[in-house]
Amino acid sequence: MDLNTKFTPQSWPDHPETATMEAKNKFVGFWLFLGGETVLFATLFATYLALKNSVPDGNEFRTETLFELPLVFVMTMLLLTSSLTSVYAMYHMKNYNFKAMQLWLAITGFLGLGFLALEVYEFYHYIHLGFTYGNSAFSSAFYTLVGTHGLHVAIGLVWLTLLILRNAKRGLNLYNATKYYTFSLYWHFIDVVWVFIFTVVYLMGVVG
Amino acid sequence: MTTVSNSVEQKKGFGAMLWDWLTTVDHKKIGILYLIGGGFFFVLGGIEAMLIRFQLLIPNNDFVSAGFFNELITMHGTTMIFLAAMPLLFGFMNAIVPLQIGARDVAFPFINSLGFWMFFFGGLFLNLSWFLDAAPDAGWTSYASLSIASAGHGIDFYAIGLQIAGAGTLMAGINFLVTIINMRAPGMTYMRMPLFTWTTFVASALILFAFPPLTVGIFFLTFDRMFGANFFDHTMGGNTIIWEHIFWIFGHPEVYILILPAFGIFSEVFSVFARKRLFGYSAMVFATVLIGFLGFMVWAHHMFTVGLGPTANAIFAVATMAIAVPTGVKIFNWLLTIWGGSIKITTPMLYALGFIPSFVMGGVTGVQQGAAPLDYQLHDSYFIVAHFHYVIVGGVVLAILAATHYWWPKMFGTMLSEKLGKITFWFFFIGFHMTFFLQHFLGLMGMPRRVWTYMDGQGWNLFNLISTIGAVLMAIGVIVLIINVIITTAKNERVGNDPWEDGRTLEWAIPSPPPFYNFAQTPLVRGLDSYWIEKQEGHNGYTAAEPVTDIHMPNGSIIPFFMTLGLFIAGFGAMYRLEHDWGLPVLIFGLAFTFLTMGIRSIKDDLGYYVTKDQIRRMERGRD
């Protein structure tokens, strides 16, 4: 693989993310990794459902009284939109439009950052109310599930920042096309996980 | 392009050699590292086993204290499963699978190295508990109520050590999956893959789906013990049964992660030394996949006595017994492979022949325990201990010993002594049955497992005595093997491509040990047992699929070592955070170090290097 090969939008392959052997390996490996991540989150969801509203005597915290949908709705919209903008970025990646891709990825990053900031505020708010990590089995399960997702978002943001910065001068090539593509897969994955969290934790929580 | 270092041709000083091993990304060298690491922990776990057996030699013994005994059984189980059996199998998978599918390396050489170092440092972390605090003492299953209450840092060593080692295992699993999916040589279709490659493939899929639950379970345990969470504390609304479910959702597939590669090893050995094509190849493949699938459906048979109710118990009992069907298919296929073959009784073949009756006995007692009502009687007795040692030692360990003798020439270029090999086999095999056969009856007579000592006059004395003598015989067998390895290495008599003379698969078509690029030209595979086909047609070596071209190889890297070192340091910080001021800074430093090295890896372009046509021609000529 030669980094110095210059491409034009015409010579750029249709599927740059799987154009070399290394890229194919990364592509398949990352899908498999997401398979493992699915099982990881499934375990966290199962535990959360088993411990939902399971608190010691005299503890007042319940999903019905604790969660408020407006904030979570805004968070959901931010993350869903960021998934859309990452699709735009991949569209430009396939068209060999490096600048537009970087721009849409930066927008993706800012939307993700907004989501994360609101999540930090949400946790801060709960802890202020006394719903701490060690408050009950329910609180531990809640923070661990939602927090693991939040950690994934944070790791994704660091990854994205490194990608944007390290390639700013290099431009797009067959070596980093896969790196961008796997990031977008990851970002979609944490978006899908959030859809489940929104449904299972918040919607089903408010209903009771 | 950078020039290639002709590592096969040069003599190096000790420092350069050490650096070479620390930075290697060559699957063959990583295979050897896994063998060394796994072998070390195997001996450690063996010593723990010997101490256990000496304590149980006579009634009312006080050779070790009760607390120390609990640490011994916990560490023996944990070490043997996570740090000995799996890494030793990974060693063979690494060394052999790329050769069997005609690849030059694994899909992710860097991650391969990272996986090894994480296993090694995780194991080291776990075993440092002997010196630093107290070893874990809640059993290898570490059931939550007990492990939450355990004083000291023993359980924390267990949790953090397994977390690090487990992450390494997951990486190795993904790596093997992608290698087998993407890197097969032209003509190597799925249904032409050797059985060892197939079982590695399925075992890796099991790793991918079984290890994340373990990761989560251990995090819960860590958070409960060290960060104030309440997952398993029923006074805070927690539920201790959650640990058992999560542990066994991992733990049962883990059993198949161990035994499937063992099946693969024996499939190779039977067909090579019976000098016949494996009987029922496609049925073998199907049975492997089916066992892997059913392996996820049976975890609650470890929990029949928890009280999940008759419906749950009945479903899991039926699913458990169903696994006996594909396993039986395999046993009959092996028997029919030997049937009518031109049999050579070599050391690996002896292990394979010994494996069939031993493993069938373990399987039969497994079906007995699968009957839920009977399991109420057998649960937590020595019958269980006898059962799982029959499948793990009679299956996995015999396979590892067979593979050690079988693939030693391919990995090291020398042949282990057949004479000493057979001595090892007989000591180990007889010792194994002496140790564990009578434990079935001890269990039926009421002896519970995990007891520190027992009273006189219950009729258990003689059987325990015989059992300990058997363990000594096994230890002698292992010592003979170590002597064999030392003598063979000292003699250093080099062997050719196919030292068993009946090799059937691609690894025997290339030199022993293979050059660092494995195949000078990518091979063309023309059927199952491709090397056998070539030999039948009078060819020496393999048919090439391409002319000699430049070969792309990955660069070595020290980053995996440092990344793991960071986690290792962070582990100590996390553990001592509560009682020492330096804990938190050390935790942060360790994690930061890991992420920094990871960032360096991510920012640098690492494109590997090319071995030119001329260099390959020169090296290939130099060998002839």
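What follows is a chat about a predicted model with chains A and B.

Reader: Let's start with chain A. What's the secondary structure there?
Author: Chain A has six helices and zero strands. Along the sequence that reads α-α-α-α-α-α.

Reader: And what box do the C-alpha atoms of chain A fill?
Author: Roughly 70 × 30 × 25 Å, taken along the principal axes.

Reader: How much of chain A is buried?
Author: Of the 208 residues in chain A, 54% are buried. The chain exposes about 9,100 Å², and carbon and sulfur atoms supply 70% of that.

Reader: What about contacts in chain A, what share joins residues at least 24 apart?
Author: Counting contacts between residues at least 6 apart in sequence, 79% join residues at least 24 apart.

Reader: Which residues make up the nonpolar patch on the surface?
Author: That patch is formed by A:Phe73, A:Val74, A:Met77, A:Leu80, A:Val192, A:Val195 and A:Phe196, with about 590 Å² of accessible area together. Two elements give two or more residues to the patch: helix H3 (69-94) and helix H6 (177-207) of chain A.

Reader: Which element gives the largest share?
Author: H3(A), with four residues.

Reader: Take A:Val195 from that patch. Where does it lie, and is it buried or exposed?
Author: A:Val195 lies in helix H6 of chain A. Its relative accessibility is 37%, so A:Val195 counts as partly exposed.

Reader: OK, and A:Ser83, what does that one touch?
Author: A:Ser83 is in helix H3 of chain A. Leaving out residues up to four places away in sequence, A:Ser83 touches A:Trp187, A:His188 and A:Asp191. A:Ser83 counts as buried because its relative accessibility is 7%, and the cut-off for buried is under 20%.

Reader: Switching to the interface. How many residues does each chain put into the contact?
Author: Chain B gives 37 residues and chain A gives 36 residues. Between them the two chains bury about 3,000 Å², with 68% of it on carbon and sulfur atoms.

Reader: How many salt bridges are there between chain B and chain A?
Author: Two salt bridges. In one of them, the side chains of A:Arg170 and B:Asp605 meet at 2.6 Å, N to O. In addition, B:Asp605 forms a salt bridge with A:Arg166, where the closest N and O atoms are 2.8 Å apart. That pair crosses between chains, with B:Asp605 in the loop between helix H19 (583-603) and strand S2 (609-611) of chain B, and A:Arg166 in helix H5 (residues 137-166) of chain A.

Reader: Why would residues like these pair up at all?
Author: Side chains of opposite charge can pair when their charged atoms come close. Here A:Arg166, A:Arg170 and B:Asp605 are linked in a network of salt bridges.

Reader: Are B:Asp605 and A:Arg166 buried or exposed?
Author: B:Asp605 is at 27% relative accessibility, so B:Asp605 counts as partly exposed. A:Arg166 is at 7%, so A:Arg166 counts as buried.

Reader: How many salt bridges over all chains?
Author: The count comes to 15. Among them is a bridge between B:Lys28 and B:Asp26, with the closest N and O atoms 3.1 Å apart. B:Lys28 is buried because its relative accessible area is 11%, and B:Asp26 also counts as buried, at 14% relative accessibility.

Reader: What's with B:Asp614 and B:Arg617?
Author: Their side chains meet in a salt bridge too, at 3.8 Å, N to O. Both residues lie in helix H20 (residues 613-623) of chain B, three residues apart, about one turn of the helix. B:Asp614 is at 52% relative accessibility, so B:Asp614 counts as exposed, while B:Arg617 is at 39% and counts as partly exposed.

Reader: One more residue, B:Ile155. Where is it, and what is it in contact with?
Author: B:Ile155 is found in helix H6 (residues 154-182) of chain B. Leaving aside neighbours within four places in sequence, its contacts include B:Pro136, B:Asp137, B:Leu221 and B:Arg225. With 1% relative accessibility, B:Ile155 counts as buried.

Reader: How far is B:Ile155 from B:Asp502?
Author: The two are 347 residues apart in sequence and 49 Å apart in space, C-alpha to C-alpha.

Reader: Last thing, what does UniProt annotate on chain B?
Author: An unreviewed UniProt entry has the annotation "domain: Cytochrome oxidase subunit I profile" on residues 13-526 of chain B. In the model, that span is 70% helix and 0% strand, and its end C-alpha atoms lie 43 Å apart.

Conventions:
Residues numbered from 1 in each chain as written. Chains lettered and ligands numbered in written order. Predicted model: local features only at pLDDT ≥ 70, side-chain atom pairs only at ≥ 80, totals over all residues. Heavy atoms only, no water. UniProt positions renumbered as here; feature names shortened; annotations may be inferred. Patch = residues over 30% accessible without salt bridge, like charges linked within 9 Å, V, L, I, M, F, W, Y side chains within 5 Å. Areas by Shrake-Rupley, 256 points an atom, 1.4 Å probe, with all protein chains shown as cover. Salt bridge = Lys/Arg side-chain N within 4 Å of Asp/Glu carboxyl O. Buried < 20%, exposed > 50% of the residue type's maximum accessible area, 1.4 Å probe, protein only. Contact = heavy atoms within 4.5 Å. Buried area = accessible area lost by both parts, 1.4 Å probe.
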